[in-house]
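Trainee: I should like to look closely at one part of a structure and then see how it fits into the whole. May I ask you to take me through it in order?

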Amino acid sequence: MPVTVVRFNLVEPGATSASLSARYRAALEMAAYADARGITTVQTEEHHGVANNWLPSPFAFAGAVFGATRRIAVTVSAVIGPLHDPLRLAEDIAVLDLLSGGRLVTVAGIGYRPEEYALFDVEWKRRGRIQDEVLETLLKAWSGEEFDYRGRTVRVTPRPYTDPHPLLLVGGSSEAAARRAARLGLPFFPSAYLPELEAYYKERLVEYGTEGWTMMPAAETPLLHIAEDPDEVWDRHGEHFLHEARTYASWQSGDIRSAVRSAATTVDELRAEGVYRVLTPGQCVELGLDNLVLHPLAGGMPVEEGWRSLRLFAERVVPELGG
């Protein structure tokens, strides 16, 4: 059975407080609907100080999703580790792990926007070293035992639900990220299809004498929207996909590799590129992908259009995917 994902970043350019509140509540209703229809995962993410209202608090959102659902997992992909207090992060993840019965998956990255570090007065040049401390602290904190932290003895409670700890992956597209994951014996989440980096990670596992595995996007990982008439959706709503694509493009320097990187500058270019795809239910089934990522509210998509996409996905795609 393919993995089925519904992604939310709650972007809405020019939102009012009322419209953004309605979007957040709709996302929770969508998550509950997806849960009831056997969709595997809700995916969310973290960015700060973005003019289009990109979600800055993925764990708060995850907690609301867990309260509205019973089975679906929530993947935070990714939390920007150096922007968080390690002890508080350990507590928050532990509480969510307990609330959800182990349904939280956290991918820890270091981000790629210096302005986010400036917002929180965190030194950009030290982000790798800070991330090392964050990850090491999480693993020690979740043991429930006392440990040394910045020269003092601390103990974090409660212990998480999941033994030995909540699922934590190290994300990134660099050898430094792969080394970090291998050294700590944590699974690695490359930000794009990077088989050479996966091989490097496996070599480092041998070097450090640790165990781990890779969760890597496929070579083809489009963001999907389902419609009876894809031409109409591109004509009416293509601007929303383009807004998100251009936002991502403005953040990513040449050394950043992402599964959703786009070079498009117009809706027509974006459609031809294939990073964002509007498909009929039948076309979606025919893709034959192992990982289907639906993005119903992409770039400020009207909520009613997002619901149309989700319902078509749940009612006419998911039942055809097989067991």
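Where is proline 164 found?

Mentor: Proline 164 is found in the loop between β6 (152-154) and β7. The peptide bond leading into this residue, from aspartate 163 to proline 164, is cis, with omega near 5 degrees. Please note that this is a predicted model, in which local features need pLDDT of at least 70 and side-chain atom pairs count only at pLDDT 80 or more, while totals for chains, interfaces and linings use all residues. Residues are numbered from 1 along each chain as its sequence is written, and side-chain values use heavy atoms, with hydrogens and water left out.

A second cis bond joins serine 77 to alanine 78, with omega near 10 degrees. Alanine 78, however, is placed in strand β3.

The elements can now be put in context. The protein chain comprises eleven helices and eleven strands; these are DSSP runs numbered from the N terminus, with helices (H or I) of at least four residues and strands (E) of at least two. The C-alpha trace spans about 60 × 45 × 40 Å along its principal axes. Of the 323 residues, 52% are buried (under 20% relative accessible area; exposed is over 50% and partly exposed lies in between, with a 1.4 Å probe and protein chains only). Among contacts (heavy atoms within 4.5 Å) between residues at least 6 apart in sequence, 72% join residues at least 24 apart.

Strand β7, which borders the loop of proline 164, also brings us to helix α6. In α6 (residues 175-184), the buried residues are Ala177, Ala178, Arg180, Ala181, Ala182 and Leu184. They pack against α5 (127-141), β7 (167-172), β8 (188-190) and α7. Just after α6, glycine 185 takes a positive phi of about 70 degrees.

Two residues that are not glycine also have a positive phi. Aspartate 121, with a phi of about 55 degrees, lies in the loop between α4 (114-119) and α5. Because its relative accessibility is 72%, aspartate 121 counts as exposed. Arginine 150 likewise has a phi of about 55 degrees, and its place is the loop between β5 (147-149) and β6. Arginine 150 is exposed, because its relative accessible area is 54%.

Other loop residues are covered. Threonine 69 sits between α2 (58-68) and β3 (73-80) and is buried because its relative accessibility is 1%. Leaving aside residues up to four places away in sequence, threonine 69 touches Ala31, Ala32, Asp35 and Arg103. One of these partners, aspartate 35, belongs to helix α1 (residues 17-36) and is buried at 7% relative accessible area. With the same exclusion, aspartate 35 touches Thr69, Arg70, Arg71 and Ile72.

Finally, consider proline 222, in the loop between α7 (195-208) and β9 (223-226). Its relative accessibility of 4% is why proline 222 counts as buried. Beyond residues up to four places away in sequence, proline 222 touches Gly274, Val275, Arg277, Leu289 and Val293. The C-alpha atoms of proline 222 and valine 11 are separated by 18 Å, and the two residues are 211 apart along the chain.
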